[in-house]
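I sat down with this one today and kept notes as I went. Here is what I looked up, entry by entry.

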Amino acid sequence: MSTSLKRSSAEAVGLSPASIHSFIDGVESSDLELHSLMIVRHGQVAVEGWWAPYRAEDIHLLYSLSKSFLSSAIGFAVQEGLIGLDDLVVDFFPDETPKDASDNLKTMRVRHLLTMSTGHETEPDRSKGWVRTFMEWPVPKKPGTHFLYNSMATFMLSAILQKITGITAFDYLKPRLLEPLGIEGSTWEETEEGITVGGWGMSIKTEDIAKFGQFYLQKGMWDGNRLLSESWVEQASSKQVDNSSNGNADWKVGYGFQFWRCVPNCYRGDGAFGQYCVVIPEHDMVIAITASVDDMQVVLDFAWKYLMPSNSGGSQQELDERLKALELKKPKGEYRPNIVGRTFEATEPTEFGKEVQFGFESDGGFVRRDGRKVNFGFDEWVRTEEVPWWRGPGPFGAAAAWTAPDTLTIRMLHLKEPSKITYEANFEGDNVTIKTTFGGMFIPAEGPTFKGKARS
């Protein structure tokens, strides 16, 4: 069974190299940080590129694009007769259902979880445990009448699937979808109780995103074999509920079974900070993107403007060369102060750590926090495999520059996800002040400040 997508060129499948250039120009001039781009047309990869230090072999956190995979797992369960769309949620969790359950909770069905129309006005938290809190949360509206984007609804689908199969949704999906598509090395976060999170937490490679989109474009077929019913694909990708109260254009034209409808009569799964799987049946095309952006609508606007089939020409060779040379912005500076490596001990308590050490060479150096080191390059990205003090194991990419005579700026990227961190270290005699800025995470942008004095 074939598990890799075939390769072609933009020109060969009716895509304009000039338009692809324009898309890249647009996102880069707008300071939109894309990590990867892959376009599949007529079943062949016609455009592919990764912005260094990201690479093709890196798995990437999908955030809410995970929801579309969880929806697919429910599709398989429906196909196998394990779950019905009109099954009542309370029937799966009698022990967690409050004795005074509201009529709205009692009428909530699997289809309402799939379409984010559970009747909630606010998303349940996890204060009393994931399932129990959901079941106790107020349901003021009749299920099916009100759209509220609700990651906990997706989790409940995962919990239901595990309840009836005895295995996690991730393990259930592997032989039915991931393995046939050749999706290897993927991971998915679990709750403390060992339940696949569902609404977020899956990590796969860019080509795997493209395969998933191609699988849906082929209406559940893969390599000539029927995996998922065409009926499910049609339902999942069609407008099932009105979401017109949302703001951005591509977030208010309809919602299916954990897929969004798009303005140009197509659909997508997506995740925070710019993880996209866009399926465009009209043009027999799939677009896969990973990124770390704040405005996801702008990326889609550029896609609709530049990535649709076009005959506007351009050089295929120049496009190929550009795609190979893609690189994220690095800190820039012309200064090269004569500063040797030193260790600084904290002069006041901080989350940053008790001590920080710097080391320098002509082409880079390292920063070590409490014994754990990250290498960086001057005007080049250097990859480090493990940095246990930031967001778990690597790989990471780091680049630095002296942006002022006494200021070293280090930019670090977590290559498994959209998160990034910038250190701005200001050296003044025997003292250092390090300011921290985060990006691509659901936490405040401003991180802890470290103030230290050189060890004598």
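My entries below go from the cores to the pocket, then to single residues.

**Entry 1: the cores.** I kept in mind that this is a predicted model. I began with the largest nonpolar core, which holds 118 residues. Phe-23, Leu-34, Phe-69 and Tyr-216 touch the most other members there. I then asked which helix gives the most to this core. My note says helix 7, residues 151-165, with 8 residues. There is also a second, separate core of 26 residues, and Val-387, Ala-398, Ala-400 and Ala-454 are among its members. In soluble globular proteins, nonpolar side chains tend to be buried together.

**Entry 2: around Phe-23.** I listed what Phe-23 touches, leaving out residues up to four places away in sequence. The list runs Leu-34, Leu-37, Ile-289, Val-299, Phe-302, Ala-303, Tyr-306 and Leu-307.

**Entry 3: helix 11.** Several of those names sent me to helix 11, so to speak, and I checked how covered it is. Of the 11 residues in helix 11 (296-306), 8 are buried. I wrote them down as Met-296, Gln-297, Val-299, Leu-300, Phe-302, Ala-303, Trp-304 and Tyr-306. What do these buried residues pack against? I found helix 1, strand 2, strand 9 (260-262), strand 10 (266-271), strand 11 (275-280) and strand 12 (285-292). At the N-terminal end of helix 11, Asp-295 acts as a cap, with a side-chain oxygen 3.2 Å from the backbone nitrogen of Gln-297.

**Entry 4: the largest pocket.** I get about 360 Å³ of space in the largest pocket. Its lining counts 19 residues, and the closest to the centre are Asp-31, Leu-32, Glu-33, Ser-292 and Arg-411. Helix 1 (17-29) and strand 2 (33-41) are the elements that give two or more residues to the lining. By class I have 7 nonpolar, 3 polar and 9 charged lining residues.

**Entry 5: Lys-420.** Ser-292 came up again when I looked at Lys-420, since their side chains make a polar contact of 2.8 Å. Lys-420 lies in strand 20, residues 420-428. Is Lys-420 buried or exposed? Its relative accessible area is 18%, and the cut-off for buried is under 20%, so Lys-420 counts as buried.

**Entry 6: Ser-36.** I placed Ser-36 in strand 2. At 0% relative accessibility, Ser-36 is buried. Its side chain makes two polar contacts in my notes: one with the side chain of Thr-206 at 2.8 Å, and one with the side chain of Thr-290 at 2.5 Å. Setting aside neighbours within four places in sequence, Ser-36 also has contacts including Gly-49, Trp-50, Trp-51, Ala-288 and Ile-289.

**Entry 7: backbone oddities.** Most residues other than glycine have a negative phi, and most peptide bonds are trans. I therefore noted the exceptions, with that background in mind. The peptide bond joining Ala-52 and Pro-53 is cis, with omega about 15°. Pro-53 sits in the loop between strand 3 (44-50) and strand 4 (60-61). Asn-265 has a positive phi of about 55°; Asn-265 lies in the loop between strand 9 and strand 10 and is exposed at 52% relative accessibility. Asp-284 has a positive phi near 50°; Asp-284 lies in the loop between strand 11 and strand 12 and is partly exposed, at 28%.

Definitions and conventions. Residues are numbered from 1 along each chain as its sequence is written. This is a predicted model: local features need pLDDT of at least 70, side-chain atom pairs count only at pLDDT 80 or more; totals for chains, interfaces and linings use all residues. Side-chain values use heavy atoms; hydrogens and water are left out. A nonpolar core is a set of buried Ala, Val, Leu, Ile, Met, Phe, Trp, Tyr and Cys residues joined through side-chain atoms within 4.5 Å. Buried means under 20% relative accessible area, exposed over 50%, partly exposed in between (1.4 Å probe, protein chains only). Helices (H or I, at least four residues) and strands (E, at least two) are DSSP runs, numbered from the N terminus. Contact means heavy atoms within 4.5 Å. On a 1 Å grid over the protein atoms alone, a cavity is a set of points where a 1.4 Å probe fits but cannot get out, and a pocket is an open set with protein on both sides within 12 Å along at least five of seven lines; lining residues have an atom within 4 Å of a point. Grid points are joined across faces, edges and corners, and a volume is the space filled by probe spheres set on the points. Ala, Val, Leu, Ile, Met, Phe, Trp, Tyr, Cys and Pro count as nonpolar, Asp, Glu, Lys and Arg as charged, and the others, Gly among them, as polar. A polar contact is a pair of N or O atoms within 3.5 Å; within protein, one must be able to donate a hydrogen and the other to accept it, and residues adjacent in sequence count only if both atoms are side-chain atoms.
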